[in-house]
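Me: I would like a close look at one small part of this model. Start there, then work outwards to the rest of the chain.

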Amino acid sequence: MSKDDGLKPDDFPIEADKDKLRTRKGEPVASAESDKIADQIAERLNEHAHQEEQDRWSA
């Protein structure tokens, strides 16, 4: 994934793999300073994507 590419709906849920973040297909997205931070980032990204999906359906 190049820096110009953004995350797409089919990339979710994002998974933390130690200190790496990966799409549901296993493609690398980013790395974090620690396992704990990677888990927090993945959780926040997934919550945000879920909320956007809910907003789309309610509009």
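What relative accessible area does D19 have, and how does that value class the residue?

Reply: D19 has a relative accessible area of 25%, so the residue is partly exposed. The reasoning rests on two cut-offs: buried means under 20%, and exposed means over 50%. The value for D19 lies between them, so neither of those labels applies. Keep in mind that this is a predicted model.

Now place the residue. D19 sits in the loop that links β1 to β2. Two C-alpha distances tie this spot to later parts of the chain. From D19 to E33 the spacing is 6.6 Å, with their positions 14 residues apart in sequence. From D19 to K36 the spacing is 7.7 Å, although they are 17 residues apart along the chain. K36 belongs to helix α1. Its relative accessibility is 60%, so K36 counts as exposed.

The β1-β2 loop also holds K18. Its backbone deserves a look: phi is positive, at about 60°, yet K18 is not a glycine. K18 has a relative accessible area of 62%, so this residue is exposed. Set the two loop residues side by side: K18 is exposed, whereas D19 is partly exposed.

Next, the strands around that loop. The sheet is open and has 3 strands, in the order β1-β2-β3, with antiparallel pairing. Its edges are β1, residues 15-17, and β3, residues 28-31; each of these pairs on one side only. On average, neighbouring strands are turned by 30° against each other, with direction ignored.

Look at the β2-β3 pair in detail. Strand β2 covers residues 20-22, and 3 bridges join it to β3 in an antiparallel run. K20 stands opposite S31 of β3. L21 has A30 as its bridge partner, again in β3.

β2 and β3 make up a hairpin, with 5 residues between the strands. G26 lies in the turn and has a positive phi of about 90°. E27 is also in the loop between β2 and β3. At a relative accessible area of 38%, E27 is above the 20% limit and below the 50% limit, so it is partly exposed. The C-alpha atoms of E27 and I14 are 9.7 Å apart, and 13 residues separate them along the chain.

Step back to the whole chain. The protein has 1 helix and 3 strands. In sequence order the pattern is β-β-β-α. The helix, α1, spans residues 35-58. R44 is another residue found in α1. With 62% relative accessibility, R44 is over the 50% cut-off and therefore counts as exposed. R44 and L7 are 37 residues apart in sequence, and their C-alpha atoms are 14 Å apart in space.

The part before β1 has a feature of its own. F12 and P13 are joined by a cis peptide bond, with omega at about 5°. P13 belongs to the segment before β1. F12 and P13 also help line the largest pocket, together with residues that include K8, P9, L45, H48 and R56. That pocket has a volume of about 170 Å³. Its lining divides into 5 nonpolar, 3 polar and 4 charged residues.

Overall dimensions come next. Taken along the principal axes, the C-alpha atoms fill a box of roughly 35 × 25 × 20 Å. The protein has 59 residues, and 15% of them count as buried.

Finally, confidence. The mean pLDDT of the protein is 91, and 92% of the residues score at least 70. Confidence is highest in β2, at 97, and lowest in helix α1, at a mean of 94. Where pLDDT is low, the predicted coordinates should not be read in detail.

Back to the starting point. D19 is a partly exposed residue in the β1-β2 loop. Its C-alpha atom is 6.6 Å from that of E33 and 7.7 Å from that of K36.

Notes:
Residues are numbered from 1 along each chain as its sequence is written. This is a predicted model: local features need pLDDT of at least 70, side-chain atom pairs count only at pLDDT 80 or more; totals for chains, interfaces and linings use all residues. Side-chain values use heavy atoms; hydrogens and water are left out. Two strands pair if DSSP finds at least two bridges between them. Helices (H or I, at least four residues) and strands (E, at least two) are DSSP runs, numbered from the N terminus. Axes are lines fitted to C-alpha atoms, for helices over the stretch in contact, and angles run from 0 to 180 degrees between N-to-C directions. pLDDT is the predictor's confidence in each residue, from 0 to 100. On a 1 Å grid over the protein atoms alone, a cavity is a set of points where a 1.4 Å probe fits but cannot get out, and a pocket is an open set with protein on both sides within 12 Å along at least five of seven lines; lining residues have an atom within 4 Å of a point. Grid points are joined across faces, edges and corners, and a volume is the space filled by probe spheres set on the points. Ala, Val, Leu, Ile, Met, Phe, Trp, Tyr, Cys and Pro count as nonpolar, Asp, Glu, Lys and Arg as charged, and the others, Gly among them, as polar. Buried means under 20% relative accessible area, exposed over 50%, partly exposed in between (1.4 Å probe, protein chains only).
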